[in-house]
Amino acid sequence: MSSLPETYAGEDGKHYPAPLASHDDVVRDSSLFWDTLRRFHFLMGTKFMIPVIGGKELDLHVLYVEVTRRSGYEKVVAEKKWREVGSVFKFSATTTSASFVLRKHYFSLLYHYEQVHFFKARGSVYTPSTDAFSGNSPSWRPELAIVEYSPKPLNSSAESRAEETSCLSGNGTIEGKFECGYLVSVKLGSEVLRGVLYHPEKMAAPPSIPQHENAIVPFKSKGHRSGRRRRNKRRWDPNYPKPNRSGYNFFFAEKHYSLKALYPNREREFTKMIGQSWNSLSPEERLVYQNIGLRDKERYKRELTEYKERMKLRETPEVGLP
């Protein structure tokens, strides 16, 4: 059995290992960066994984280069430059609050690597106080983190799926229930995020459309505007199935939720802003919402058929025996 490296001094007394390469070298050579980053986490005894944002692996090398160009993690936090860092990645229009996610991933995967290779730290492992990245610091402003659907099909191996889902962890609470799912809150560290857990019904979808289950979608429920005839029928018959919504309706609800949190006094502009966002989606991104709409349409057809069959059974008179 091999012994632990000399740079590791136990769970309560970790020490930084010596730099595995110079900062300039890892900036120039991405292969060297990935090799030293994996070895660094092995020496530190910490877990290493590649985060996934919007269905694509996050390029940690680019993230490290952009943050160290701005004098490191704590400087970027203090000067609120995470949005500037995020602009380099050109995330899709449906990705909101990317700065929040980038900051979390950088701190968990690159902060100590930065201390050793950029600042040349030695000795005991240094972890900043919670004030450095929590709401207790006046230089930090909490942002709304929205978890989005990804157009990437969920047919990868269990290992890669574990990497995607283990990037962030927290305690979730169900605050309420409605037709489409549950109102939930998730606590990540000292921050509480709120959204909606939407459960698409498990049913067969066209083979050309990827299936997505158990995704968290921000959603704001509103009264469905339908024709007077349908509305009156549902008024006296609560068993009448709820009409389906299109993919754009689901997209509109998601974007409206995030825009209202960011711009509470500009609701009159939301329709135009959401329409522009929809038009800027790629075919793959738009397919995600169209898939949800198709499933909801199939749900409505199935429930309507079942409803009509029940009504026929009620209207059929019983024939008594002579």
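**Exercise 1.** In this predicted model, list the residues that Tyr106 is in contact with once its neighbours within four places in sequence are left aside.

*Solution.* Begin by setting aside the residues within four places of Tyr106, and then look for heavy atoms within 4.5 Å. What remains in contact with Tyr106 is Leu63, Tyr64, Val67, Thr68, Tyr73, Trp82, Tyr111 and Glu114.

**Exercise 2.** Place Tyr106 in the largest nonpolar core, and state which helices each supply at least two residues of this core.

*Solution.* The largest nonpolar core has 34 residues, and Tyr106 belongs to those with the most contacts inside it, together with Phe33, Leu60, Leu63, Trp82 and Leu110. Turning to the helices, at least two residues of this core come from each of H2 (30–44), H3 (60–69), H4 (73–78), H5 (82–86), H6 (98–109) and H7 (111–117). Apart from this core lies another, of 8 residues, which includes Leu259, Phe270, Ile274 and Trp278.

**Exercise 3.** Compare the reach of helix H12 with its expected span, and then identify its buried residues.

*Solution.* Helix H12 covers residues 283–315, which is 33 residues, and at 1.5 Å a residue 48 Å is expected; the reach from first to last C-alpha is 47 Å, close to that value. Taking buried as under 20% relative accessible area, the buried residues of H12 are Glu285, Val288, Tyr289, Asn291, Ile292, Gly293, Arg295, Asp296, Arg299, Tyr300, Leu304 and Tyr307.

**Exercise 4.** Describe the chain as a whole by its secondary structure, burial and contacts.

*Solution.* The secondary structure comes to 12 helices and 6 strands, and of the 322 residues 38% count as buried. Among contacts with a separation of 6 or more, 64% are accounted for by residues 24 or more positions apart.

Note on methods: Residues are numbered from 1 along each chain as its sequence is written. This is a predicted model: local features need pLDDT of at least 70, side-chain atom pairs count only at pLDDT 80 or more; totals for chains, interfaces and linings use all residues. Side-chain values use heavy atoms; hydrogens and water are left out. Helices (H or I, at least four residues) and strands (E, at least two) are DSSP runs, numbered from the N terminus. The expected span of a helix is 1.5 Å times one less than its number of residues. Buried means under 20% relative accessible area, exposed over 50%, partly exposed in between (1.4 Å probe, protein chains only). A nonpolar core is a set of buried Ala, Val, Leu, Ile, Met, Phe, Trp, Tyr and Cys residues joined through side-chain atoms within 4.5 Å.
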